[in-house]
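Thank you for making time for this. I would like to walk through one structure with you, beginning with a helix and moving along the chain from there.

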Amino acid sequence: MRVLVAEDHERLARAVATGLRRYGMVVDVVLDGDDALRRLGANRYDVVVLDRDLPGTHGDEICRTLAAERCESRVLMLTAASSVRDRVEGLGLGADDYLPKPFDFSELVARVRALGRRSTPATQPTLEAGDVVLDPSRQVAFRAGRRLELSPKEFSVLECLLASGDRVVSTEELLERVWDEATDPFTTAVKTTMRRLRAKLGAPPLIETVREVGYRIGESP
């Protein structure tokens with residue numbers, strides 16, 4: 001899941017981003033509304049955690065813009081105002097959910113996850129290929145009944161490949177969906193993660209490299 005955190009309180013923004021990354025999410029951070037609109041125009045995000053009172057383009061205007069453009073990103077609006085009237089107003093602007101500050105981080109995570117499920121088409125409860133089974137909701141994966149001890153990045157790469165069926169997934173797409181935009185486009189992170197994932201999956205090989213194109217799930221007995 002890719003998340004944009006738009007919050008002008010830098011310390012809070014970084015803390016939220018760090019926490020969400022611990023749950024395997026890919027997170028970008030912006031500190032003003034103008035930058036938020038630029039990022040939203042350049043990247044696809046599943047969820048936008050949006051401070052209502054952003055400098056530059058106000059959070060209300062960002063909500064209106066996303067609603068007018070029928071953007072698929074779901075918006076969780078954050079604000080210090082907590083009255084029922086404020087919540088109704090925020091939802092009326094196009095926000096999908098509303099969370100007053102201060103908030104409990106576990107509640108933020110739960111709401112982001114719920115919105116993330118709504119931002120993508122409904123999928124089957126588990127993803128399977130051969131004897132590999134991955135359950136996105138429980139964040140667990142198995143091969144031949146053995147639980148795979150995967151890092152968040154390894155899990156996300158495997159999920160992306162399984163969800164793509166026999167389609168080839170490029171390195172660039174994996175970088176976009178599994179790593180944030182601060183990642184060096186020339187990094188060997190994908191290759192390194194793929195090597196570790198293959199080692200944990202064991203034999204027979206499940207992931208096929210398509211030379212100069214990318215990766216896909218291959219034939220597995």
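Let me begin with a definition, since the first point leans on it: a helix here is a DSSP run of H or I with at least four residues, and helices are numbered from the N terminus. Please keep in mind throughout that this is a predicted model.

With that in place, consider helix α2, which covers residues 33-42. Because Asp-35 and Arg-39 lie four residues apart in helix α2, about one helical turn separates them. Their side chains meet in a salt bridge, with an N to O distance of 3.5 Å. Across the model, the count of salt bridges comes to 19, where the rule asks for a side-chain nitrogen of Lys or Arg within 4 Å of a carboxyl oxygen of Asp or Glu.

How do the axes of α2 and α3 cross? Helix α3 spans residues 59-68, and its axis comes within 10 Å of that of α2, the two crossing at roughly 20°, which means that α2 is roughly parallel to α3. The crossing is right-handed. On the α2 side the contact involves Gly-33, Ala-36, Leu-37 and Leu-40, and these meet Ile-62, Thr-65 and Leu-66 in α3. Sorted by class, this contact of α2 with α3 has five nonpolar residues and two polar ones, with no charged residues.

Next, a cis peptide bond: the one from Lys-101 to Pro-102 is cis, with omega near -10°, and Pro-102 sits in the loop between β5 (97-100) and α5 (105-119).

We then come to a sheet. Four strands make up an open sheet in the order β6-β7-β8-β9, with antiparallel pairing, and the edge strands, each pairing on one side only, are β6 (127-129) and β9 (146-147). Strand β8, residues 140-143, pairs with β9 in the antiparallel sense over two bridges, and Arg-143 has Arg-146 in β9 as its bridge partner. Helix α6, residues 152-163, packs on this sheet and touches β6, β7 (132-135) and β8, its direction making about 110° with that of β7. In the loop between β8 and β9 we find Ala-144, which has a positive phi of about 50° although it is not a glycine.

Helix α6 also takes part in a helix-helix contact, since its axis and that of α8 come within 10 Å and cross at roughly 80°; the two helices are therefore roughly perpendicular to each other. From α6 the contact draws on Lys-153, Glu-154, Val-157, Leu-158 and Leu-161, while α8 contributes Thr-193, Met-194, Arg-196, Leu-197, Lys-200 and Leu-201. By class, that contact of α6 with α8 has six nonpolar residues, one polar residue and four charged residues.

Beyond α8 (189-201), in the loop that leads to β10 (207-210), we reach Pro-204, and the peptide bond from Ala-203 to Pro-204 is cis, with omega near -5°.

Which residue in the turn between β10 and β11 has a positive phi? The residue is Glu-212, with a phi of about 60°, and the turn belongs to a hairpin in which three residues stand between β10 and β11. Strand β11 runs over residues 214-217 and pairs with β10 in the antiparallel sense over four bridges, with Gly-214 in β11 serving as the bridge partner of Val-210.

Methods
Residues numbered from 1 in each chain as written. Predicted model: local features only at pLDDT ≥ 70, side-chain atom pairs only at ≥ 80, totals over all residues. Heavy atoms only, no water. Axes fitted to C-alpha atoms, helices over the stretch in contact; angles between N-to-C directions. Parallel < 35°, antiparallel > 145°, perpendicular 65-115°, else oblique. Left-handed = near helix turned anticlockwise from the far one by under 90°. Contact = heavy atoms within 4.5 Å. Nonpolar A, V, L, I, M, F, W, Y, C, P; charged D, E, K, R; others polar. Pairing = 2+ DSSP bridges.
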